[in-house]
Amino acid sequence: GRCRLLCKPSALAQHLVRSLGRSGVLWGGCWPWSCWPQLQLLQQLLQPPDPEPVVARELLQLPDAGLVALDWLVGPWGAAGGGGGISSPVLLLIPNAAGKVTGGLLQLGLRALERGFIPVIFNRRGHNGCPLTTPRLQPFGDPGDLRETVTYLRCRHPTASLLAVSEGSGSGLLLAYLGESGSSSRLAAAACLSPIFRGRDWFEAGMPWLYEWPLLLHLKQGLSRYAGSLAEAVDMDGLLGSRSLRELEESLFCRTRSRPTSWEVYWERNEPLRDADEAAVPVLCLCSADDPVRGPPARTLPMELFRSSPYFFLLLTPRGGHCGFPRRGPGRCWGHEAVLEYFRAMAEFLRTEERRKGLPRPR
């Protein structure tokens, strides 16, 4: 209850309001910690999913010989292959910018698998055990590797709808991809859970230590494995001595040995919404007013974007923390149910429009 959908009026917006209201996913009940977003955040970061998913890893080689890892969720049952049939929708799950695959993201993948989706987690270069074969990591808003991944998924599942959902700071990558790709994104729809819209402001403002220090240690632990190969590109002593995520981001991408650049120029190239006006895919952004990581809504939510663009939808809830949206019962997160209902409503709307206009379904 008390959720608001902020968007430009359209037939799609009306259909989305009816679908979400009819499904009842926004009425999932309360949680005892609803007034304590910091505790929600701790629970979301530390609590593993139940049941534990079975994952099949695939390494995808990129044009510069770098690697990204695709983790296909095949369920807690040890089944071979993904869920659903050959034309089942493929759901690409994008973790936060630190590469931390949270229990919440895995839980979303399991819920999607139960509903006939084929969920796959995108792991950036050097993240989550993905080998680092080049002295280069992926900047905050550089969608090059994600574009190659989407192209591969389209080739592997040519008749399936491609969908994407991102979590937290990982939304910067998805939003940048949608803006840069425009109508050529090859995605049917996308969703962002507790997205970070303004990357530079977010790094400069800092975050609660409860969130920043675990992610900083997680990143340093992963990067220390590649100290030898990264030493030719960055100052590893300065990198591992970073005391904030901003210092680490500057060490990795601004103070490089071969192509140093300024903090200002870096964000000109990596702001998530730099090409938002070019986006041509419906995007649901699920945000909470009490998000302790993103910051106050008046300063961090681009309200004008949702008022002017027919493709951006903001589902704003008073409480929910950062990627938490807790509830009692199975699933524990009503945000996951809202995202899956959104994808279902999008598919239904597109089928209705195709029948109304007499358009052939794309092959």
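# Exercises: pocket, cavity and helix

The second largest pocket has a volume of about 600 Å³. This is a predicted model, where local features need pLDDT of at least 70, side-chain atom pairs count only at pLDDT 80 or more, and totals for chains, interfaces and linings use all residues. Residues are numbered from 1 along each chain as its sequence is written, and side-chain values use heavy atoms, without hydrogens or water.

**Exercise 1.** Describe the lining of the second largest pocket and place it relative to the domains.

*Solution.*
1. Fix the terms. On a 1 Å grid over the protein atoms alone, a pocket is an open set of points with protein on both sides within 12 Å along at least five of seven lines; a cavity is a set where a 1.4 Å probe fits but cannot get out; lining residues have an atom within 4 Å of a point.
2. List the centre. Of 24 lining residues, Arg136, Pro139, Phe253, Thr256 and Arg259 are the closest to it.
3. Find the helices. H10 (245-253) and H11 (263-270) each supply at least two lining residues. H11 has the largest share, three residues.
4. Sort by class. The lining has 11 nonpolar, five polar and eight charged residues. Ala, Val, Leu, Ile, Met, Phe, Trp, Tyr, Cys and Pro are nonpolar, Asp, Glu, Lys and Arg charged, the others, Gly among them, polar.
5. Place it. Domain 1 (1-14 + 37-76 + 87-198 + 275-344) and domain 2 (199-270) both give residues to this lining, so the pocket lies between them.

**Exercise 2.** Describe the largest cavity and its lining.

*Solution.*
1. Count. There are five cavities of 30 Å³ or more.
2. Size. The largest cavity has a volume of about 240 Å³, the space filled by probe spheres set on its points.
3. Centre. Of its 20 lining residues, Ala97, Ala98, His127, Leu219 and Glu249 are the closest to the centre.
4. Elements. H6 (199-205), H7 (209-224) and H10 give two or more residues each. The largest share, five residues, is from H10.
5. Classes. The lining has 14 nonpolar, three polar and three charged residues.
6. Place. Domains 1 and 2 both contribute to the lining, so this cavity lies between them.

**Exercise 3.** Which residues of H4 are buried, and how are they arranged around the axis of H4?

*Solution.*
1. Span. H4 (residues 144-156) has 13 residues and reaches 19 Å from first C-alpha to last, close to the 18 Å expected at 1.5 Å a residue.
2. Buried set. Asp145, Leu146, Thr149, Val150 and Leu153 are buried (under 20% relative accessible area, 1.4 Å probe, protein chains only).
3. Arrangement. Seen down the axis of H4, the buried residues fall within an arc of 140°, so they line one face of the helix.

Definitions and conventions:
Helices (H or I, at least four residues) and strands (E, at least two) are DSSP runs, numbered from the N terminus. Domain bounds come from an automatic or database domain assignment. The expected span of a helix is 1.5 Å times one less than its number of residues. Buried means under 20% relative accessible area, exposed over 50%, partly exposed in between (1.4 Å probe, protein chains only). The arc is that of the directions from the helix axis to the C-beta atoms.
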